[in-house]
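Let's take a walk through this one together. Have the sequence and the model open side by side, and follow along as we go from the whole chain down to single residues.

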Amino acid sequence: DNVLSWQRTAFHFQPKHNWMNDPNGPLYYKGRYHFFYQYNPNGAVWGDIVWGHAVSKDLVRWLHLPLAMVADEWYDRNGVWTGSATILPNGELVMLYTGATNESVQVQNLAYPANSSDPLLLNWTKYSGNPVLVPPPEVNVIDFRDPTTAWLTSQGKWRISIGSKLNEAGVALVYDTKDFKTFERVEGMLRRVEDTGMWECVDFFPVSTELDNGLDTSVNNPSVKHVMKVSLDDERHDYYAIGTYNESITDFLPDDISKDVGIGLRYDYGVFYASKTFYDQSKKRRVLWSWIAESDSEYVDVAKGWASLMGIPRTVLLDKKTGSNLLQWPVEEVESLRMHSDKFENLTAKPGSIVSLDIPAANQLDIVAEFSIDKEAINKTMETDMEYDCETSGGAAARGALGPFGVLVLANDGLYEYTPIYFYVVKGRDGNLKTSFCSDQSRSSLATDVEKKIFGSFVPVLQDEKLSLRILVDHSIIESFAQGGRTCVTSRVYPTKAIYGDARLFLFNNATEATVNASVEVWQMNSASIKPFQYEQMN
Ligand code: DQQ
């Protein structure tokens with residue numbers, strides 16, 4: 001349809017046209033995953049926001065459905081904004097969402113399925129008593145949005161949190177309700193962190209310290225930790241903290257106060273915002289959805305006629321080996337798109353080398369790789385106080401003794417364009433190795449009107465662990481996971497040469513000392529069927 005249509009993805013969720021942002025109210029109902037999202041039906045930039053809707057049996061193949069909710073009431077005239085679903089013990093569904101009123105005041109509204117026996121949940125009824133919550137006097141009326149999924153208190157009430165800011169502190173306000181129509185403010189805050197600004201899209205959920213499955217949002221017992229996530233409006237990044245939730249004082253206390261909400265860990269060190277989890281009761285897992293924005297310019301988005309994608313949904317678990325970070329991993333269903341695979345075992349990459357990986361095509365891939373550095377190089381390497389930081393490091397071109405090494409994805413033959421995803425290892429004063437995981441977009445495209453940042457962060461590597469990565473490549477998105485999902489980096493890239501049949505994959509080692517041993521398996525990924533809505537497909 002369009003010269004830029006190659007940028008569209010093959011197995012990521014995106015509407016055919018126009019602008020999309022936050023995931024809204026994801027849930028599993030009567031055998032289907034429902035996905036709602038912030039959508040502009042009138043253009044490829046943010047505005048006129050309503051709720052798009054799609055349904056799937058496997059989180060991979062989707063059927064688009066008609067808009068779930070539009071801006072047709074005074075209390076959401078300026079936008080049907082972000083919200084969350086709660087499934088009640090009797091199976092009933094309620095949806096809370098933020099409306100921007102005709103006067104642009106942020107209020108919370110209740111909606112529910114018009115026909116709860118319809119597995120497609122095509123029609124939604126807005127409660128006649130809306131809005132159910134208005135901004136409390138101490139916060140600005142434009143700083144009160146994005147209600148969470150509700151959890152049950154020990155008193156049998158439902159509790160929600162709503163993000164706001166007080167002066168420059170990010171805060172999460174708390175409310176209790178019995179019926180989702182009348183709410184009472186709970187004293188105190190779920191959390192408050194100075195200088196973090198407005199908290200958007202708060203998410204709050206338990207993770208098990210013992211089991212390998214996810215937990216319903218209401219579970220709270222001695223073998224859970226709680227995770228609190230906020231989306232920092234000023235910074236546009238999603239931060240989480242792991243800690244304990246004390247219901248009686250309404251407080252979430254992070255395990256490590258230096259990694260408090262909004263200042264510590266991030267779900268993803270690349271492009272990733274306004275994410276939200278839900279508990280999938282059919283597979284007993286917690287699944288994370290996130291909005292992945294464009295890194296090109298607005299005028300290109302308008303020319304393309306669309307903007308933004310959803311990341312591949314990820315399962316979320318506590319990392320029981322470290323106890324101090326989450327593990328995020330693409331949902332297993334994505335593996336049903338794997339087709340032909342090529343295996344490269346025992347590859348040796350000498351310092352300063354590039355090895356071509358001969359595969360049939362390179363724009364729709366699932367890559368799994370393991371690396372180890374020769375011991376001798378590690379022993380020989382000098383200890384240093386240097387703190388490596390992907391973002392300011394000079395990228396894959398800046399050489400150290402033990403890094404960078406990894407793969408070049410969406411590369412062209414002549415290497416005018418490529419995106420390195422790599423490890424960089426530093427030997428500290430104590431003799432211990434410290435590893436960073438990065439994605440360098442600086443040479444990803446010859447185009448000049450796209451962002452080309454370097455992303456990444458530290459990744460915990462335990463004694464005797466090899467370095468491992470997984471990368472999903474889909475035309476203009478690269479999602480990278482290190483050490484089983486301890487550190488994740490998503491980026492958008494817009495090559496001009498490395499497209500279609502001209503995209504290639506390479507192994508590279510730009511270290512000056514270390515020889516690297518690598519094993520790589522690369523699957524060609526099928527396109528996922530994402531069907532437009534037609535009435536005859538309804539059943
Ligand atoms: N997007 C919504 C808001 C939310 C923001 C509006 C986060 O509800 O705070 O489209 O991207």
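What follows starts with the overall build, moves to the core, and then looks at a few strands and one buried residue.

Before anything else, keep in mind that this is a predicted model. The chain's secondary structure amounts to 2 helices and 37 strands. Its radius of gyration is 23 Å, close to the 24 Å that the globule rule gives for 539 residues, so the chain is as compact as a globular protein of that length. Lay the C-alpha trace along its principal axes and you get spans of about 70 × 55 × 40 Å. Of the 539 residues, 51% count as buried. As for how the chain connects to itself, take the contacts between residues at least 6 apart in sequence: 63% of them join residues at least 24 apart.

Now for the inside. The largest nonpolar core holds 157 residues, and the ones with the most contacts within it are Met228, Val407, Val409, Leu410 and Ile471. Strand β28 (residues 402–411) supplies the largest share of this core, with 7 residues. The core also draws at least three residues from each of domain 1 (47–274 + 314–332) and domain 2 (339–525).

Met228 is a good place to zoom in. Setting aside residues up to four places away in sequence, Met228 touches Leu190, Arg191, Phe204, Tyr240, Ala241, Phe252 and Val261.

Where does the neighbouring strand work come in? Strand β15 (residues 224–232) runs antiparallel to strand β16 (residues 237–246), and 7 bridges join the two. One pair to find on screen is Val230, whose bridge partner in β16 is Tyr239. These two strands make a hairpin with 4 residues between them, where Arg236 takes a positive phi near 65 degrees. Strand β16 has further partners. β16 pairs with strand β17 (residues 251–254) in the antiparallel sense over 4 bridges, and in β17 the bridge partner of Gly243 is Pro254. β16 and β17 also form a hairpin with 4 residues between them, and Thr250 in the turn has a positive phi of about 55 degrees. In addition, 2 bridges join β16 to strand β18 (residues 265–266), again running antiparallel. In β18, Arg266 stands opposite Tyr239. Is β16 itself enclosed or open? With 7 of its 10 residues buried, β16 is largely enclosed by the rest of the structure.

Further along, have a look at strand β19 (residues 273–280). β19 is mostly covered, with 8 of its 8 residues buried. β19 pairs with strand β20 (residues 285–292) in the antiparallel sense over 6 bridges, and Thr277 has Leu288 as its bridge partner in β20. In the hairpin of β19 and β20 there are 4 residues between the strands, and Lys284 takes a positive phi near 50 degrees.

Last stop: Asn40, which you'll find in strand β2 (residues 32–40). Asn40 counts as buried because 21 other C-beta atoms lie within 10 Å, where 20 or more is the cut-off. Leaving out neighbours within four places in sequence, Asn40 is in contact with Asn18, Trp19, Val45, Trp46, Gly47, Asp48 and Ile49. You can also check Asn40 against Trp51: the two are 11 residues apart along the chain, and their C-alpha atoms are separated by 8.5 Å.

Technical notes. Residues are numbered from 1 along each chain as its sequence is written. This is a predicted model: local features need pLDDT of at least 70, side-chain atom pairs count only at pLDDT 80 or more; totals for chains, interfaces and linings use all residues. A nonpolar core is a set of buried Ala, Val, Leu, Ile, Met, Phe, Trp, Tyr and Cys residues joined through C-beta atoms within 7 Å. A residue is buried if 20 or more other C-beta atoms lie within 10 Å of its own, exposed if 12 or fewer, and partly exposed in between; C-beta atoms are placed from the backbone. Domain bounds come from an automatic or database domain assignment. Two residues are in contact if their C-beta atoms, placed from the backbone, lie within 7 Å. The radius of gyration is taken over C-alpha atoms; the globule rule is 2.2 Å times the number of residues to the power 0.38. Two strands pair if DSSP finds at least two bridges between them.
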